[in-house]
Structures are given as C-alpha cells and as structure tokens.
Amino acid sequence: MSFKDKRIILTGAAGGMGSLLAKALLQRGAKLAMVDANADALQALVSELSGDVYAVSADLSSVAGCTGAVETCQQLLGQVDILINLAGLNFFGAFAEQDAAHIDIMMRVNVLGPMLLTRALLPSFLANNTGKVVNVGSVFGSIGFAWFTTYSASKFGLRGFSEALRRELADTDVQVAYIAPRAVKTPMNNDAVMKMGEATGMNMDEPDVIVEKIIQTIESDKNDSYFGFPESLFVRVNALLPRLVDKALAGQNKIAKTFLSK
Ligand SMILES: NC(=O)c1ccc[n+]([C@@H]2O[C@H](COP(=O)([O-])OP(=O)(O)OC[C@H]3O[C@@H](n4cnc5c(N)ncnc54)[C@H](OP(=O)(O)O)[C@@H]3O)[C@@H](O)[C@H]2O)c1
C-alpha cells in the first residue's frame with residue numbers, strides 16, 4: 001500500500017512519535033488531519049510542516065470529542081482512507097495510589113477513544129468497502145507489567161478490540177492492524193521511567209526508528225507487528241507460559257518499585 005494521496009487521520013500527532021510520523025506521512029504524499037489535545041503544540045507543528053495538512057484540536061477522552069473530531073476531519077479531508085490511533089497516556093506507579101479520575105481518563109484515551117473513532121468512521125469504510133484502522137498498542141498490551149497496571153490493561157483492551165474487529169470484518173476489504181512497540185524515548189516516559197529503564201536494563205528505542213517501522217508495517221499491509229527482540233519473543237512465551245514470566249520479571253519488578261512516581 002502506498003501513502004500517496006491517502007487521506008489519513010492521525011491522533012496524538014503532536015506527541016513524540018506523532019510529530020515524526022506526521023512528517024513521514026506528508027513526505028510520502030499523504031493528506032493529513034492531525035488530531036491532538038495539545039492545541040499549541042499542534043499549531044506549532046503545522047507551521048513547520050509542508051503539504052496537505054490540517055490541525056484538529058480535540059479531547060479524545062469523551063464521546064463528543066471523538067465523534068466531533070471525525071466529523072471535522074471528514075469535512076477537511078473528504079472520504080478518509082486510514083485512521084491511525086496513536087494518542088495515549090501512561091502512568092508509572094502503584095495502582096493502589098493512582099487517582100480514580102486518572103484511571104478513568106487513561107482507559108478513555110487509550111482504548112475507548114480508538115473504539116469510538118473507529119465506530120464513527122466504519123460506516124463510510126464499509127459503504128466503500130475500503131479503509132484501514134491502525135491501532136498503536138504496546139508490548140505491555142500482551143505482557144502485563146507491574147507498576148504499569150492501568151496502561152497494560154488499556155493496551156490489552158486495544159489489542160482485543162483490534163483482533164475481534166479484524167475477525168468481524170474478515171469478509172470485507174476493511175483492514176485492522178495492531179502495532180506494538182517496546183519502550184520508546186519520548187515525553188510519554190517521565191524521568192522516573194527513564195531511570196527505572198536504565199536500572200533494569202529495559203530496551204528503549206529511538207522514536208524515529210519506531211516511526212519508520214510503523215510506516216513499513218502499514219505499507220506492507222501486516223495485521224500485527226511486535227517490534228524488538230527479545231520482547232517479541234517474550235510476548236509469545238507469556239501467552240503460553242505466564243507463570244514462567246512471573247518468575248522472570250520478579251527481580252525487575254523489585255528494582256522498578258524503587259523508582260515509582262509518588
Ligand atoms: N513511548 C513509549 O515508550 C511507547 C511504547 C509503546 C507504545 N507507545 C504508544 O505510542 C503512542 C504514542 O506515544 P508517544 O510516546 O508518542 O507519547 P506522547 O509523546 O506522550 O504523545 C501522545 C500524544 O497523545 C496526546 N493525548 C493525550 N491525551 C489526549 C486526549 N485526551 N485527546 C487527544 N490527544 C491526547 C498527547 O497530548 P498531551 O501532550 O496534551 O498529553 C500527546 O500529544 C501511545 O499510544 C503510546 O501508548 C509508546
């Protein structure tokens with residue numbers, strides 16, 4: 001699949017990976033509606049970019065924010081070809097100490113938002129029997145990580161949504177892809193996460209490398225992609241032998257606990 005003249009909605013476009021992905025998509029000739037909650041960062045990004053690009057400021061933690069964003073994007077782009085669900089929120093800390101309101105918003109942005117955006121676009125995808133939804137999950141969507149409990153739960157949800165919807169749409173030409181990076185050096189990971197990552201030997205990729213892999217995954221029409229070794233292997237081991245992974249992660253969990261956000 002080529003990005004030339006494809007009309008794309010990219011959420012989380014003002015973020016660490018989003019801004020690089022926006023640039024890469026425009027360089028490949030896409031027409032882009034960039035959606036993000038961070039209106040200032042979005043405007044600054046638009047002024048740096050050249051090509052067919054629009055900024056749509058929206059809060060994707062609400063039903064109205066999601067449906068409104070899709071309506072605006074359709075007005076700007078016309079028929080949409082690809083939805084890339086990249087917006088997300090993270091929390092590194094003890095679940096027992098996470099605010100209820102923050103748990104609520106994380107689940108909304110990370111899993112409910114992508115579902116609602118997809119739901120709003122699906123009728124036009126089905127009417128034209130074409131279109132693609134790309135959900136950016138995480139290795140934490142297959143391996144539940146201590147101290148990232150809400151984040152893991154949200155990405156497990158996103159993976160389940162992707163798999164079920166793909167099966168539901170199997171007799172159409174509408175595609176659903178799920179992409180799972182391991183840790184990436186972006187503002188999503190605060191100082192505590194970076195220090196914990198160093199102390200535990202966690203592999204962390206550069207955002208430009210991951211953006212290139214996201215582009216390649218979409219271009220090659222793959223359904224699922226797990227980036228990085230040995231994480232992609234651990235995903236399989238965890239599915240088959242989770243007790244073994246409990247033991248393997250126990251030491252790392254103890255070290256990580258000493259870096260928790262308060
Ligand atoms: N970085 C990693 O280690 C890593 C690893 C695996 C997967 N991922 C996934 O990759 C995606 C992109 O992550 P990133 O590292 O680029 O993170 P990032 O730099 O924090 O970017 C995320 C973007 O989403 C936006 N956003 C948050 N809440 C929103 C809302 N309610 N409505 C609209 N936009 C909202 C953020 O805006 P604000 O700045 O206003 O919050 C930000 O611009 C996420 O889905 C993440 O889970 C990241």
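**Exercise 1. Is Cys73 buried or exposed, going by its relative accessible area?**

Solution. The structure is a predicted model.
Step 1: the relative accessible area of Cys73 is 1%.
Step 2: buried means under 20%, so Cys73 is buried.

**Exercise 2. Determine how many disulfides the structure holds, and account for Cys66 and Cys73.**

Solution.
Step 1: a disulfide is a covalent bond between the sulfur atoms of two cysteines. The cut-off applied to a pair of cysteine sulfur atoms is 2.5 Å.
Step 2: for Cys66, the closest cysteine sulfur belongs to Cys73 and lies 11 Å away, so the separation is too far for a bond.
Step 3: approached from Cys73, the nearest cysteine sulfur is that of Cys66, at 11 Å, and Cys73 is in no disulfide.
Step 4: a search of the whole structure returns 0 disulfides.
Step 5: as for accessibility, Cys66 has a relative accessible area of 0% and is therefore buried.

**Exercise 3. Compare the end-to-end span of helix H9 with the expected value, then describe its bend and its buried residues.**

Solution.
Step 1: helix H9 runs over residues 242–257, which is 16 residues.
Step 2: the expected span is 1.5 Å times one less than the number of residues, which gives 22 Å for H9.
Step 3: the end C-alpha atoms of H9 are 21 Å apart, so the two values agree.
Step 4: H9 nevertheless has a kink of about 40 degrees, centred on Ala250.
Step 5: Val245, Leu249 and Ala256 are the buried residues of H9. Their cover includes helix H6 (191–200) and helix H8 (231–240).

**Exercise 4. Locate Asn128, classify its accessibility and identify a side-chain partner.**

Solution.
Step 1: Asn128 belongs to helix H4, residues 100–128.
Step 2: its relative accessible area is 42%. Partly exposed covers the range between 20% and 50%, so Asn128 is partly exposed.
Step 3: the side chains of Asn128 and Gln79 form a polar contact at 2.9 Å.
Step 4: Val174 is 46 residues from Asn128 in sequence, while their C-alpha atoms are 9.1 Å apart in space.

**Exercise 5. State which helix contains Arg166, how accessible Arg166 is, and which residues it touches beyond four places in sequence.**

Solution.
Step 1: Arg166 sits in helix H5, residues 149–168.
Step 2: with a relative accessible area of 17%, against a limit of 20%, Arg166 counts as buried.
Step 3: leaving out residues up to four places away in sequence, Arg166 touches Val176, Ala177, Tyr178, Asn223 and Asp224.

Methods. Residues numbered from 1 in each chain as written. Predicted model: local features only at pLDDT ≥ 70, side-chain atom pairs only at ≥ 80, totals over all residues. Heavy atoms only, no water. Helix = DSSP H or I, 4+ residues; strand = E, 2+ residues; numbered from the N terminus. Buried < 20%, exposed > 50% of the residue type's maximum accessible area, 1.4 Å probe, protein only. Contact = heavy atoms within 4.5 Å. Polar contact = N/O pair within 3.5 Å; in protein donor to acceptor, adjacent residues only side chain to side chain. Bend = angle between axes of the 7 residues up to and from the residue.
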